[in-house]
Amino acid sequence: MTSIHLDKQQQMAVYYDEEKPLVIQAGPGAGKTRVIVERVKYLINDKKISPESLLVITFTNKAAKELKQRLSKDLPTSTINNMQISTIHSFCNKVLSYCGYSGLELLEDTDVNEKKMMFLRKHKKDLGFKDESYMTGSGLKSVISTFDEYATFNVDTDALTNYIEEEFPVEKSYLEFIKEKKAECDDYFQFPYDEVKSNKEYDKSWYNAKYKAVAQAYPKYIKLLEEEGLCDYNFLQIKTNQLLEDEELLSNIRFKNVLIDEFQDTDPIQMQIFEKLMKVADSFTVVGDDDQSIYSFRGSVPEYFTHFRDKYDANIVTLNTNYRSTRQIVEFNESFIKDDRLIEKNLKPNRTDESDVYYLNNADGKQQAQNIVTILKHLKQSGKIRGYSDVGILFRAIRSKSYLQELLDELCHNDIPYYLKDSKPLIEYDEVKAILTLIWYVIEKNPQNPSNIEKKWLNLKAFTNEYYDASKIFKLSDDTINTLTQLEDDYRNKVTETEKLVYKELTGKTSKIKKFEGVFNRDDEVIAKIFESVEYPDISKMTSTQLKDIGITDYDDLEFFERLHNIKCEAFDEDVEFYERPTILETYYKLLDATGYIRDKFDDNTYENKQILYNVAQISNTIFNYENLVNKWDITGLFWLLTGLIEDYGSHSEDEDENNKVQIMTIHKSKGLEFPVVILCSLEESKFPRKYVDPTVKSFYNMYPTPYEYLEYKDESEDMEEHYDKEERRTIYVATTRAEDMLILSSISKDDEVPTIVDKMFEDYPSIISLNDSNLPKLPQTHSHASPKLVDERLDISYTSFSEYNFCPHEYNLRYNYNFQNSKNKQITYGLFVHSILNNIHNISLKQEITDEKINNIIDKNLSLNENINNEDPQIESIRSSILEYWNTYGSKWDILGSEVPFDIINGDARLSGSIDLIIRNSQSNNITVIDFKTSNLKKLQKDKLRYQRQLYIYAMAIRENPQFKDYNVTMGMIYTVYDSGMLCFDIDDEKIDQFSRSINQTVKKIKNEEYDRHKNNCSKCEFKDTVCQMLD
């Protein structure tokens, strides 16, 4: 076992053994993670607590993995597997699964809330965002953040709605206007956006109507989530908190020893969950630093430290020795934060070496960039840093890129490498613009109402090099490029000229509009009249002969556009049943194949080629989500969603590429990291720290504000401005405490006035040294950490990914490394449909009797929620009969222990995760059987028995490590085929499981060696054969 030296305060925290809860106040660099690891080991080894009784909550999944990795050096894998070390959301998911809420699909994904946006777009009308309360697609972003606030602080929607009705009335004239506009429509009502925006009273009433609709929509949103078996993080927490109100459930919960990391980031719902767990806990420890609470936008409340201490008479141990930073950096940070502290700490440095704190004053962003580059060059050339990765450059935000871009440009100009995750927006890649161009080409267009992106660049010239390097993707001849350019220019000129004539004819006035984009600001009558005279050159509807007539004569170009024409015709073929048309993803891959662009990208494994593949795969993943949440055939809807979100998407960044590069990131991303050199950028009056904006008043940051009296968990008495300003200062504190050897503060002072925050820094710590060319040589030597970082070498793997690698390593590479996706075919779609129904039946059966009528109701409900299944398909009745036969013959007689039971275990070099369809108990013993349901027939499955045997062994391994089933023995695994009621059974014992465990690690080794050859003998059975792989042959 590793021997660890602990200082006095650390020892007090690790070996604490009293009844009262423990609060560990861990200052920056004070060894917090070490203390957590040692406390867990103390509880297991010395206090002899049961591992399954231990719950450790971390802020991120990455933190949970790192903690498990550290513990694995001294504790057996089986011990770690029996603990629950996870985020709060993973813990909540476990509680919900235990209570029968298994199989929930999580809507949370990327920073742009892609899945939530899709869900809200799908249900806009159901949520009430229609007619006078119409919500644009981009407007839904504000709805998501508002719903988050409602959930976190428990909104009173009825009272809030009444308040909005009184204070934000909708004028009758606006309602009548919308009613009239609707009456003019024969079928589809298009909201009169331009007319409403041009009328101040209408625009105000439109906002008021939306404001009220948002408040009324929240309960509907929650109901829709439950109906569709979906959830978000808020739902997970709220539902768990409600379930834990059951005293019997709470008393039986196995987690009697609880440790909460990053306690300063706790929100109100989480706090209630923690307080409930503490009622039945034998030991309860919270760890964190209220000085580093910077997530109030997610609901975190730093005052919970003092609340917890006072309410529960908790003991506090303060880790007040900083092992990270030099004396001056520690003293500067203490002087900066001391007046804002809730609990006294008085941190002291352990290091005896010295290094001053430096200040860099700049007139603008360009000068800041030049000065930073000068410093970097000096540090590298003088050997004061070993590598550029010793330097962390921190920004308040990187979304607003003005100062950041100037720095990136200067770094590039001076050949200084840098790493900035998601630094290049997805839309800035040529292949992504080309993808949008291809999808735009095949959809039906509305020339009278072009989108902003169509006005800017998405037109016929998007096939030329006008807006990006399109020639490398489309490879069109110069003659064709000239023809398309002329066509688009002529069209736009004719629209602009016709507008002048029409406007003069209808109004008698002379138009002053000079640009194409301005034409569409005219009212509907003018625009309709224009397009009576102007025909849009939609070449996507033209045959090869028609294309020749307009000047496209190159043979290869004609073949290319003919392929696009055929793809369009297939996607919108009205003679083919809607459900039989190509899916969006099938169309997407056909469009890519028509270009031939990615054909050789797998052969030459350069960084640039890998980036192209990541980008193409990222779009496929968005389409996949759209198909599953909205519709598999609505390519037009997908296009408009993409154009609305695409500018917010970051691109994939290769983590392996960050070595020896300057590390650039936001302060929030830097939390938990440390660098020999930290440069804190762009301190500027009113911008960083940001000027306070009242969150209860409409603003750019908060479109639909909620007064605090309608939020149960908001403190109305608190000084909101003071609270905000303190968090801004804490954000700076988090940044400056990342520095080990050198801290440089950089400000922008456009009028030669030093920002107020910098003035205060000099006042509190006069020893700050202003940096200039003359004293650069005095910058100290750093203690470089440029050596490779320790990382968790375990590979995340599931049965499916394990199986796919053994089937075809190339397929594994496509799906799990690049994240390419395919449409769920009919078999997969119906298989998931059947699984959802069976899971519903099994969970309900644990609480009440299941009748045929109830089963039919469950099937009908699932049908109504799945737009990707044709209700008229005769197979539906076959599925219905099969499920009824299964339940009445077998399911109703089985002793069910769990359905869709999730697992996450460590096995050698692998971290295995997944869920088990069903676990049943033998009524005569404690033996249990794991069951997996398939919608194939038994005869087909028997041809590949080994594959399914491996699957059941993984499930058996998971159960063996699951404390919930510690009193049972897994003796059998079964594959049940729903359609023909077949059973494929396998005996299971420890020897077979251990043998299979070794084979998993052999597969993991091959994956780590990047052995991704194609098993061409399996191509005929691979779902990528007609999509990605068809582009490679």
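Which strands does helix 14 (residues 268-279) lie across? Helix 14 lies across strand 2, strand 6 and strand 7, and runs at about 150° to strand 7. The legends below start with the whole model and then move to the close-ups.

**Figure 1. The whole protein is a predicted model.** Local features need pLDDT of at least 70 and side-chain atom pairs count only at pLDDT 80 or more, while totals for chains, interfaces and linings use all residues. Residues are numbered from 1 along each chain as its sequence is written, and side-chain values use heavy atoms, with hydrogens and water left out. The protein has 40 helices and 23 strands; helices (H or I, at least four residues) and strands (E, at least two) are DSSP runs, numbered from the N terminus. For 1033 residues, a compact globule would have a radius of gyration near 31 Å, and the protein agrees at 31 Å (taken over C-alpha atoms; the globule rule is 2.2 Å times the number of residues to the power 0.38). Buried residues make up 55% of the 1033, where buried means under 20% relative accessible area, exposed over 50% and partly exposed in between, with a 1.4 Å probe and protein chains only.

**Figure 2. Six strands form an open sheet with parallel pairing.** Their order is 3-2-6-7-1-8, and two strands count as paired if DSSP finds at least two bridges between them. Strand 3 (84-87) and strand 8 (315-319) stand at the edges with a single partner strand each, so one side of each is left without a neighbour in the sheet. From one strand to the next, the twist averages 15°. Have a look at strand 6 (residues 257-260) and strand 7 (residues 283-288), which pair over four bridges; here Ile260 stands opposite Val286 in strand 7.

**Figure 3. Helix 2 (residues 32-46) lies across five strands of this sheet: strand 1 (22-26), strand 2 (54-58), strand 6, strand 7 and strand 8.** Helix 2 runs at about 170° to strand 7. Axes are lines fitted to C-alpha atoms, for helices over the stretch in contact, and angles run from 0 to 180 degrees between N-to-C directions; contact means heavy atoms within 4.5 Å.

**Figure 4. A second open sheet has seven strands in the order 13-14-12-15-16-11-17, again with parallel pairing.** Strand 13 (418-419) and strand 17 (769-770) are the edge strands, and each pairs on one side only. Strand 15 (residues 675-683) and strand 16 (residues 739-748) pair over six bridges, with Ser747 in strand 16 as the bridge partner of Leu683. Helix 16 (residues 327-337) packs on the sheet, touching strand 11 (357-362) and strand 16, and its direction makes about 50° with that of strand 16.

**Figure 5. Helix 8 (residues 157-167) meets helix 11 (residues 200-227).** Their axes come within 9 Å and cross at roughly 170°. That makes helix 8 roughly antiparallel to helix 11, the word used for angles over 145 degrees. Among the residues of helix 8 at this meeting are Leu160, Tyr163 and Ile164, while those of helix 11 include Tyr211, Ala215 and Tyr218.

**Figure 6. Three loops hold backbone details worth a closer look.** The peptide bond from Phe688 to Pro689 is cis, with omega near 5°; Pro689 sits in the loop between strand 15 and helix 31 (720-736). Asn113, not a glycine, has a positive phi of about 55° and belongs to the loop between strand 4 (105-106) and helix 6 (114-122). Ser981 also has a positive phi of about 55°, in the loop between strand 22 (969-977) and strand 23 (982-987). Ser981 counts as buried, at 17% relative accessibility.

Notes. Parallel < 35°, antiparallel > 145°, perpendicular 65-115°, else oblique.
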